[in-house]
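Colleague: I would like a close look at a single part of this model. Please take me through one sheet and how its strands line up.

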Amino acid sequence: MAATHLTSAASSVSRKGFASFEGLRASNAVKVSSFSPIKQNSLPLRSFRGFVVKAATTVAPKYTSLKPLGDRVLVKIKTAEEKTSGGILLPTTAQSKPQGGEVVAVGEGRTIGKNQVGISVKTGSQVVYSKYAGTEVEFDGSNHLILKEDDIVGILDSDDVKEMKPLNDRVLIKVAEAETKTAGGLFLTDASKEKPSIGSVVAVGPGTLDEEGNRKPLSVAPGNTVLYSKYAGNDFKGSDGSDYIVLRVSDVMAVLS
């Protein structure tokens with residue numbers, strides 16, 4: 001029987017290269033071991049790299065209640081889409097990992113200065129959260145996520161991202177369409193189109209909290225055309241086919257006019 005030889009080389013792997021797995025989450029710092037290729041029946045086998053993932057923590061059935069503490073929120077994760085819009089069944093590896101769910105429990109909030117500030121989302125709200133936020137737990141037969149309130153991007157009560165209500169210091173932007181021609185009039189292929197970092201503000205959050213727990217309004221408003229950091233935020237596709245992005249106002253670099 002052929003034996004697999006483990007080499008001593010180890011390196012870090014980006015989370016973005018992982019395929020989606022139901023109930024599994026890539027850890028923030030992942031170490032992998034490189035495996036040397038082996039031969040079986042005189043045929044070389046494809047070299048691969050193993051990786052370590054964190055499975056959801058399972059809460060035993062004897063526990064019937066899970067109460068988040070502080071500014072944490074418990075979200076029941078939305079089930080991954082198993083079909084395309086055209087009705088084609090997707091294999092598990094092709095199903096995109098959900099970034100939304102229903103708030104089922106909230107903590108008591110946090111203290112800022114002398115004031116107690118409660119959680120701004122309520123039980124039953126449909127929310128969208130940052131892609132790699134929180135800790136996944138399996139509770140009461142379903143997958144849940146415990147995360148800080150600040151990791152929630154916005155409230156979305158419909159399937160249309162342009163109706164999202166951003167939270168805290170976040171801004172919802174409709175991304176400008178990429179240029180289809182060069183300055184010389186040559187048509188660009190989809191692969192060569194540069195990702196735009198300009199868009200129009202659709203909605204803004206209520207603002208950040210100051211040292212007294214009061215909201216500070218954001219420096220941009222709906223209707224502004226803005227220039228933002230190229231690799232910031234969370235990208236979404238709207239029902240109208242347009243691209244949207246939600247990012248923090250600190251990632252907005254300028255207002256254009």
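Modeller: Start with strand 8, residues 72-77, and strand 14, residues 142-148. These two strands run antiparallel and are joined by 5 bridges. V73 gives you a fixed point here: its bridge partner in strand 14 is L147. Keep in mind that this is a predicted model.

Now go from strand 8 to strand 9, residues 100-106. Again 5 bridges make the link, and again the strands run antiparallel. To find the register, look at I77, which stands opposite G101 in strand 9.

Next, go back to strand 14 and on to strand 13, residues 135-139. This pair is antiparallel as well, with 5 bridges between the strands. Here F139 has S142 of strand 14 as its bridge partner.

Now step back to the whole sheet. It is open, has 8 strands and shows mixed pairing. Read across, the order is 7-13-14-8-9-12-15-16. Strand 7 (57-58) and strand 16 (165-166) stand at the edges. Each has a single partner strand, so one side of each is left without a neighbour in the sheet.

One residue is worth a stop: H144, in strand 14. Is H144 buried or exposed? Its relative accessibility is 5%, and the cut-off for buried is under 20%, so H144 counts as buried. What lies around H144? Leaving aside neighbours within four places in sequence, H144 is in contact with L74, V75, K76 and I77, and also with V104. T135, E136, V137 and F139 complete that list of contacts. F139 comes up again in polar terms: its backbone oxygen lies 3.5 Å from a polar atom of the H144 side chain. As a rule, side chains in a regular strand alternate between the two faces of the sheet.

For a second buried position, turn to strand 17, residues 170-175, where I173 is found. I173 has a relative accessible area of 0%, so this residue is buried. Its contacts, not counting residues up to four places away in sequence, include G199, S200, V201 and V202. V226 and Y228 also touch I173, as do D243, Y244, I245, L247 and V252. Look at T225 too. T225 and I173 are 52 residues apart along the chain, yet their C-alpha atoms are separated by 8.9 Å.

Key: Residues are numbered from 1 along each chain as its sequence is written. This is a predicted model: local features need pLDDT of at least 70, side-chain atom pairs count only at pLDDT 80 or more; totals for chains, interfaces and linings use all residues. Side-chain values use heavy atoms; hydrogens and water are left out. Two strands pair if DSSP finds at least two bridges between them. Helices (H or I, at least four residues) and strands (E, at least two) are DSSP runs, numbered from the N terminus. Buried means under 20% relative accessible area, exposed over 50%, partly exposed in between (1.4 Å probe, protein chains only). Contact means heavy atoms within 4.5 Å. A polar contact is a pair of N or O atoms within 3.5 Å; within protein, one must be able to donate a hydrogen and the other to accept it, and residues adjacent in sequence count only if both atoms are side-chain atoms.
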